[in-house]
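This report describes one pocket, one helix and a few individual residues of a protein model. The sequence and the structure come before the details.

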Amino acid sequence: LIPPGLTELVQHGVPVDRFPLYAHQEEALLAAFSEQPNLLVATGTGSGKTEAFLLPILADLLREAYNWQPVSGVEAIGKFSEASQEWLHCRRHENRPAAIRAIILYPLNALVNDQLQRLRRILVRGESPQWQRQKLRGNLLRFGMYTSQSKPTGSPNNPSKRQEWLR
């Protein structure tokens, strides 16, 4: 049920290779791939609730990612093209279907910032990007963070996008 490579991916940020999952984390992971994937985790602070939902999300992403088309071209920084008057995103070399695959909601910015660090450890730091490129045909698992502190979308310097930015 669980796609291969989950432990390898997660161990970049969570020491799953040194510490076994708690029973509720393992049950949550298995339940996510069962015939009834609905899940409610209620446990104390510091007991590993994050892994109870993050592991199933990452497992589902991995399962899909193994079927993504290989990248074509070289990754380039996102930028605004004056010539075409459009945003050229950093994923333009990828051939996978664009989509939001998971949304995690937190009631406080402090929780978002804490969990952002965990996602960065797992998906961005150290050897994780290299592992992903090797196992996922050049593709990377990506994530974003949006809080009340996030800057608005659009461009204040582009008159055609100014109204969009000011909203």
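The text below starts with the pocket, moves to the helix that contributes to its lining, and ends with two loop residues.

**The pocket.** The model is a predicted one. Its second largest pocket has a volume of about 400 Å³. The lining of this pocket consists of 18 residues. Nearest the centre of the pocket lie Val 41, Lys 49, Thr 50, Ala 52 and Phe 53. By residue class, the lining has 12 nonpolar, 2 polar and 4 charged members. Two helices, H3 (49-65) and H4 (109-123), each supply at least two of the lining residues. The largest contribution to the lining is that of H3, with 8 residues.

**Helix H3.** How far apart should the ends of H3 be, given its 17 residues? At 1.5 Å a residue the expected span is 24 Å, and the end C-alpha atoms are 25 Å apart, so the two values agree. The buried residues of this helix include the leucines Leu 54, Leu 55, Leu 58, Leu 61 and Leu 62. Also buried in H3 are Thr 50, Glu 51, Ala 52, Pro 56, Ala 59 and Ala 65. Thr 50 and Ala 52 are thus named both among the buried residues of H3 and among the residues nearest the pocket centre. The cover over the buried residues of H3 includes helices H1 (6-10), H2 (23-32), H4 and H5 (128-135).

**Glu 51.** This residue belongs to helix H3. Is Glu 51 buried or exposed? Its relative accessibility is 11%, and Glu 51 therefore counts as buried, the limit for buried being under 20%. Leaving aside residues up to four places away in sequence, Glu 51 touches Val 14, Gln 25, Pro 56 and Arg 118.

**Two loop residues with positive phi.** Gln 85 has a positive phi although it is a residue other than glycine. Arg 137, likewise not a glycine, also has a positive phi. The table gives the place and values of each.

| Residue | Phi | Loop | Relative accessible area |
|---|---|---|---|
| Gln 85 | near 55 degrees | between strand S1 (79-81) and strand S2 (86-88) | 41% |
| Arg 137 | about 55 degrees | between H5 and helix H6 (159-166) | 38% |

Gln 85 is classed as partly exposed because its relative accessible area is 41%, and partly exposed covers values between 20% and 50%. Arg 137, at 38%, is partly exposed as well. The loop that holds Arg 137 starts from H5, a helix that is also part of the cover over the buried residues of H3.

Terms used:
Residues numbered from 1 in each chain as written. Predicted model: local features only at pLDDT ≥ 70, side-chain atom pairs only at ≥ 80, totals over all residues. Heavy atoms only, no water. 1 Å grid on protein atoms, 1.4 Å probe; cavity = no way out; pocket = protein on both sides within 12 Å on 5 of 7 lines; lining within 4 Å. Points joined across faces, edges and corners; volume = space filled by probe spheres on them. Helix = DSSP H or I, 4+ residues; strand = E, 2+ residues; numbered from the N terminus. Nonpolar A, V, L, I, M, F, W, Y, C, P; charged D, E, K, R; others polar. Expected span 1.5 Å × (residues − 1). Buried < 20%, exposed > 50% of the residue type's maximum accessible area, 1.4 Å probe, protein only. Contact = heavy atoms within 4.5 Å.
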